[in-house]
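Grab a pencil and have the viewer open. Here are some short exercises, each with a solution worked out step by step.

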Amino acid sequence: MTACAIEPAAANEENGDGGNGENAENGDEENGDGETSRTERVITEGGERPRTEYVVTEDGRAPRTGCVITVDGSYAARLARDGDSWFPERWTLDGPEPYAVPLPGNQPEEPGTEVQPMGDGRVLIRRFTDGRHTFSLLYPTGPRTGELPLGAVECPDQGTVLRLLPPAPGGEKAYALAVGPRSSAVWLVAGGAFGPEHLAQVPGRCSGGMWLDRAGRMLALDRETDGRTKAVVVDLERGGEVSPLLQIADGSDDRLLLADPDSGLLLISSDAPSPGRPRLGWGVLGSTLPVRFPECLRVPDCAVTPFAIQPGQVLVPESCGVALRVDGPMGSWVGVWRPAARQVQHLPAPEGWLAGAGLWTEGGELLLPYATADTPCGVARWAAASGHGALAGEAEGPGGTAGTGETGAGAGDVGPEGSEGGGGKVAGSPEPVPPVPPVPPVPPEPVVARPVPLQQAPLGNLVTK
């Protein structure tokens, strides 16, 4: 695998008209031969019912996400569509009202093109051209689109698939994961000094990708070896040193779905409590308590996927709001849950929701981006009512229009989990204990706690069936 750096040059002025705000999602991933990869295929279910699109991966299927949002929630990016033409689009979310800026090039993009917003408002784009993955930064220059080429990565091994990892904390760097037949490589593709930079080689086929700290150093990946998948941690500042993270049982597949660096809350998928059937559970990085698999997170005939965790809840992971995408026979909607609660509140998704995309604020407000013919760039806001478990919602878009959404009880209810527990422990940060201690002085160098693996523990009767 080789990298090809491109010297920074004057920005290319690219023409193009902005399109409408139709709900668009990325298309099929292609491998070096231009064929649809077996690790990322799009399937559609539903017949005459509302349809749900999935990306099929080596470890099963995951719902397709409508757009990508920066960690701080300032910007979002997606591949939008105008008729049969695809083009990148950047959303600004941190102003008085959201607005979109189209970033079309000289020609339409391929549906498999990936985009990711950076912290400064530019948009990273990954294209597959002539057997190479090329990377550029796009930005608006008046009515046109400027483009800064960053370089390219070649994947000579047949069957290798390269994709962007989720946005890194800070918004200054972007990373990609190249998954080969026997090993996976982590690349720094934006924010480096000389184009794409190879950072780590991890034995085994990897998927997923979650950041465990605010420094962008500890990256969690789901690694498949010997027919089993276990989450591991890759230390990008120690030459890609790999250490285990999840080991619930010897014969279980344990994956990390979502992580919050502030509270240490982890959302986990594992078939340890019911072999052959993955269950959604939660644990805390650094806790000595077992992973729990609440019965309320099992929705009959539906796929439940966590996509956002409320940040800033230091030492109180049980109070973190978790947003869930629920895909069922009648389409997709939103679930809201907290580890301290005993039930999930189900909310109707806003019309045109970019399914699977959303962001929690520290104050407990859930932001859901959507696009319709009347509102090509809008954000629906759901906020937890003070002192209650109910959520109140309002939709926000260009023009400042707002409407009251439905409310319901239970999203913030606090109660014991009972016997809804599972096996294993997660470690890496201190066990949450009230009260909050005084804030220590800031050290000259950030100290990153090494995650300690979740060791095997007997499940026994700890899981409620």
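**Exercise 1: the cavity**

Strand β29 (residues 365-370) supplies more of the largest cavity's lining than any other element, giving 3 residues. Keep in mind that you're working with a predicted model.

Task: Find which residues line the largest cavity, and sort them by class.

Solution:
- Step 1. Start with the search result: the structure has 1 cavity of 30 Å³ or more.
- Step 2. Add the volume, which comes to about 40 Å³ for the largest cavity.
- Step 3. Pick out the lining: Ile69, Leu93, Leu359, Leu367, Leu368, Pro369 and Val379.
- Step 4. Sort by class, and you get 7 nonpolar residues, no polar ones and no charged ones.

**Exercise 2: the largest nonpolar core**

Task: Work out which residues touch the most other members of the largest nonpolar core, and which strand gives the most to this core.

Solution:
- Step 1. The core has 34 residues, and the ones touching the most other members are Leu212, Leu245, Leu256, Leu267, Leu324 and Trp337.
- Step 2. Now look at the strands: β18 (218-225), β19 (228-235), β21 (254-259), β22 (265-270), β23 (279-284), β24 (303-309) and β25 (322-328) each put in at least two residues.
- Step 3. The top contributor to this core is β22, with 4 residues.
- Step 4. Zoom in on leucine 256. Skipping its neighbours within four places in sequence, leucine 256 is in contact with Met210, Leu212, Ala220, Asp222, Ala231, Leu245, Leu246, Leu266, Leu267 and Ile268.
- Step 5. Don't miss the other core, which lies apart from this one and has 17 residues, including Phe135, Ala178, Val189 and Ala190.

A bit of background: in soluble globular proteins, nonpolar side chains tend to be buried together.

**Exercise 3: two salt bridges from β19**

Task: For arginine 228 and aspartate 253, say where each sits in the chain, and decide whether arginine 228 is buried or partly exposed. Then do the job again for lysine 230 and aspartate 254.

Solution:
- Step 1. Arginine 228 pairs with aspartate 253 in a salt bridge, with the closest N and O atoms 3.9 Å apart.
- Step 2. Arginine 228 is in strand β19 and aspartate 253 in the loop between β20 (241-244) and β21, so the bridge links distant parts of the chain, 25 residues apart.
- Step 3. Buried means under 20% relative accessible area. Aspartate 253 is therefore buried at 16%, while arginine 228, at 36%, counts as partly exposed.
- Step 4. Lysine 230 and aspartate 254 also form a salt bridge, 2.9 Å from N to O.
- Step 5. Here lysine 230 is in strand β19 and aspartate 254 in strand β21, 24 residues apart.
- Step 6. Lysine 230 is buried at 17%, and aspartate 254 is buried at 0%.

**Exercise 4: one more bridge, and a network**

Task: Explain which parts of the chain arginine 279 and glutamate 295 tie together, then name the residues joined into one network by shared salt-bridge partners.

Solution:
- Step 1. The side chains of arginine 279 and glutamate 295 make a salt bridge at 3.9 Å, N to O.
- Step 2. Arginine 279 is in strand β23 and glutamate 295 in the loop between β23 and β24, so this pair ties together parts 16 residues apart in sequence.
- Step 3. Check burial: arginine 279 is buried, at 3% relative accessible area, whereas glutamate 295 is partly exposed, at 26%.
- Step 4. For the network, salt bridges with shared partners join Glu109, Arg127 and Glu147.
- Step 5. Finish with the tally for the whole structure, which is 15 salt bridges.

Definitions and conventions
Residues are numbered from 1 along each chain as its sequence is written. This is a predicted model: local features need pLDDT of at least 70, side-chain atom pairs count only at pLDDT 80 or more; totals for chains, interfaces and linings use all residues. Side-chain values use heavy atoms; hydrogens and water are left out. A nonpolar core is a set of buried Ala, Val, Leu, Ile, Met, Phe, Trp, Tyr and Cys residues joined through side-chain atoms within 4.5 Å. Buried means under 20% relative accessible area, exposed over 50%, partly exposed in between (1.4 Å probe, protein chains only). Contact means heavy atoms within 4.5 Å. On a 1 Å grid over the protein atoms alone, a cavity is a set of points where a 1.4 Å probe fits but cannot get out, and a pocket is an open set with protein on both sides within 12 Å along at least five of seven lines; lining residues have an atom within 4 Å of a point. Grid points are joined across faces, edges and corners, and a volume is the space filled by probe spheres set on the points. Ala, Val, Leu, Ile, Met, Phe, Trp, Tyr, Cys and Pro count as nonpolar, Asp, Glu, Lys and Arg as charged, and the others, Gly among them, as polar. A salt bridge is a side-chain nitrogen of Lys or Arg within 4 Å of a carboxyl oxygen of Asp or Glu.
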